[in-house]
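Biologist: Please choose one residue, examine it closely, and then follow its surroundings outward until the whole assembly comes into view. Kindly explain each term as you use it.

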Protein chains: 2
Amino acid sequence: MEPPKRSRTATRARLLAGALEVFAERGFAGASVEDICDQAGFTRGAFYSNFTSKDELVLSLFQATTDRLLEQIEALLPELANQPGTLLDAILGLLDEAIGDQRQWHLISTEFTLHALRNPDAARALNEQRAMFRASLTRLVEEISAASHLQFSVPAEQFVRLVIAVHEGARSQSLLEPGKVSPGSLEHAFLPIVLDAVSRPSH
Amino acid sequence: MEPPKRSRTATRARLLAGALEVFAERGFAGASVEDICDQAGFTRGAFYSNFTSKDELVLSLFQATTDRLLEQIEALLPELANQPGTLLDAILGLLDEAIGDQRQWHLISTEFTLHALRNPDAARALNEQRAMFRASLTRLVEEISAASHLQFSVPAEQFVRLVIAVHEGARSQSLLEPGKVSPGSLEHAFLPIVLDAVSRPSH
DNA sequence: TGTATTCAATACAGAACTGTATCCTACTCC
DNA sequence: GGAGTAGGATACAGTTCTGTATTGAATACA
């Protein structure tokens, strides 16, 4: 029952992992199929035996990456919802722990966002994923706020959108100024302000 | 004293304008030198007579674009500082009016941000520009808050960073969901919340 | 053990892109 | 109006990339 040395799924996985690296470093358009194969330790023969084009790879990579992210989020949710701590802790926990390498994730997701802004199909896929992400986060927020008797001055969905906007905006600034701004510090400065603004004890 | 039909500066300008269009549509890496020349109505001969490479063009375009933006901001500042209205109005005014085509600007500036995340020279240039932009916005905020007797619970620089984060995060979400979210609506929903949170009357 | 099959490597053709060297044309200035 | 020059077009060589067709090796299976 040993996994064969040469299996379709294994090489697909290695190609996807290689693509993640290469795309982060050079962008979707800047990376050639051969770059990806080099990174994965294959030649183009392997690539075209597993994918029909770079575009298909990009889509597969997006699906694989976001599937994995959503899984991890689902796994974290119950833990975060029941842990002692504030809503802020839970949100930061989710945002921080679900993502491994912040820089790589930011590069890839920004790259895919740009791709989506120019490609309706990608836009649909991305919006779907983002809607699910918002739904998870909204669920977390609602559970914690109920447990800690908080209420919001705006709808939860809107609140979550604001949190995401701040998160992404802060991450972008942090990564651009590595020396000046320590990683995560902006986010840790901004989110409490936003939370204070929108929530208050309900009794 | 007629400007000659064929002048260095004019063709440079047309090439830069063409590059803006093409880069917005295909990205820096996805656009070929020939694409840019086609858009501008030249051949590659004109290009290489005016720029040494696409990279140099990207840098020139960035400089030209941001110079223009900062000029417009400086022109808007006195007007906005003295107009009747709230701090929110002034900030939104600056953010909205200084930028022409929101979508194009977002594409280009995101593209350049990605470029900067991979290229230290570009990062320096971008951070310099962003620092100047923050300085302008900070000046506006301080003038208006002084005039309207507001004080902030965080340093002005930090407040401006938060505003920018929200602005960019909201714009990204808006552009991704054109049907679902009307342009600017998220920003108009978020900024008042943030302003409320950080400022209060000082007497 | 021998055969069939699967999967990646290799070889190849064609397209796209870059950069340069040269040519041509329209102004400039005498 | 004729020589000189500036600026862009054209032609070309070299490189890189893509995609396919074929080959070769490893695995499964009988």
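Modeller: Ser174(B) is buried, because 21 other C-beta atoms lie within 10 Å of its own. A residue counts as buried if 20 or more other C-beta atoms, placed from the backbone, lie within 10 Å of its own, as exposed if there are 12 or fewer, and as partly exposed in between. The model is predicted, and local features need pLDDT of at least 70, side-chain atom pairs count only at pLDDT 80 or more, and totals for chains, interfaces and linings use all residues. Residues are numbered from 1 along each chain as its sequence is written, while chains are lettered from A and ligands numbered from 1 in the order in which they are written.

Ser174(B) belongs to helix α8 of chain B. Helices (DSSP runs of H or I, at least four residues) and strands (runs of E, at least two) are numbered from the N terminus. Leaving out residues up to four places away in sequence, Ser174(B) touches Val181(B), Pro183(B), Gly184(B) and Leu186(B). Two residues touch, or are in contact, if their C-beta atoms, placed from the backbone, lie within 7 Å. Arg103(B) lies 71 residues from Ser174(B) in sequence, yet their C-alpha atoms are 9.8 Å apart in space.

The helix that holds Ser174(B) leads to the interior. The largest nonpolar core has 52 residues, and those that touch the most other members are Leu94(A), Val166(A), Val194(A), Leu94(B), Val163(B), Val166(B) and Val194(B). Helix α8 of chain B, residues 156-176, gives the largest share of this core, eight residues. A nonpolar core is a set of buried Ala, Val, Leu, Ile, Met, Phe, Trp, Tyr and Cys residues joined through C-beta atoms within 7 Å. In soluble globular proteins, nonpolar side chains tend to be buried together. Neighbours within four places in sequence aside, Val194(B) contacts Val194(A) and Ala197(A) from chain A, and Leu162(B), Val163(B) and Val166(B) from chain B. A second, separate core of 46 residues includes Ala40(A), Leu126(A), Leu15(B) and Leu20(B).

In chain A, helix α5, residues 87-97, has Ala90(A), Ile91(A), Leu92(A), Leu94(A) and Leu95(A) as its buried residues. These buried residues of α5(A) pack against α4 (54-82), α7, α8 and α9 of chain A.

How many residues of each chain meet across the interface? In total, 37 residues of chain A are in contact with 37 residues of chain B. On the chain A side, α6 (102-118), α7 (120-147), α8 (156-176) and α9 (185-198) each supply at least two residues. Helix α8(A) gives the largest share, 13 residues. By kind, this side divides into 21 nonpolar, nine polar and seven charged residues. Here Ala, Val, Leu, Ile, Met, Phe, Trp, Tyr, Cys and Pro count as nonpolar, Asp, Glu, Lys and Arg as charged, and the others, Gly among them, as polar.

A turn of 180° with a shift of 0.0 Å along the axis lays chain A on chain B with an RMSD of 0.0 Å. That is the relation of a two-fold axis. The same surface serves both copies, since 100% of the contact residues of chain A recur in chain B. For this comparison, copies are superposed by least squares on the C-alpha atoms of residues with pLDDT of at least 70 in both.

Helix α1 of chain B also repays attention. It has 19 residues and reaches 26 Å from its first C-alpha to its last, close to the 27 Å expected at 1.5 Å a residue; the expected span is 1.5 Å times one less than the number of residues. The buried residues of α1(B) are Leu15(B), Gly18(B), Ala19(B), Leu20(B), Val22(B) and Phe23(B). Their cover includes α2, α3, α4 (54-82) and α6 (102-118) of chain B. Arg12(B), in this helix, is partly exposed, with 19 other C-beta atoms within 10 Å.

Finally, 20 residues surround DNA strand C, the closest being Thr11(A), Gly45(A), Ala46(A), Ser32(B) and Val33(B). A residue is near a strand if its C-beta atom, placed from the backbone, lies within 6 Å of it. Helix α3(A) provides the largest share of this surface, five residues. The residues of the surface divide into five nonpolar, eight polar and seven charged.
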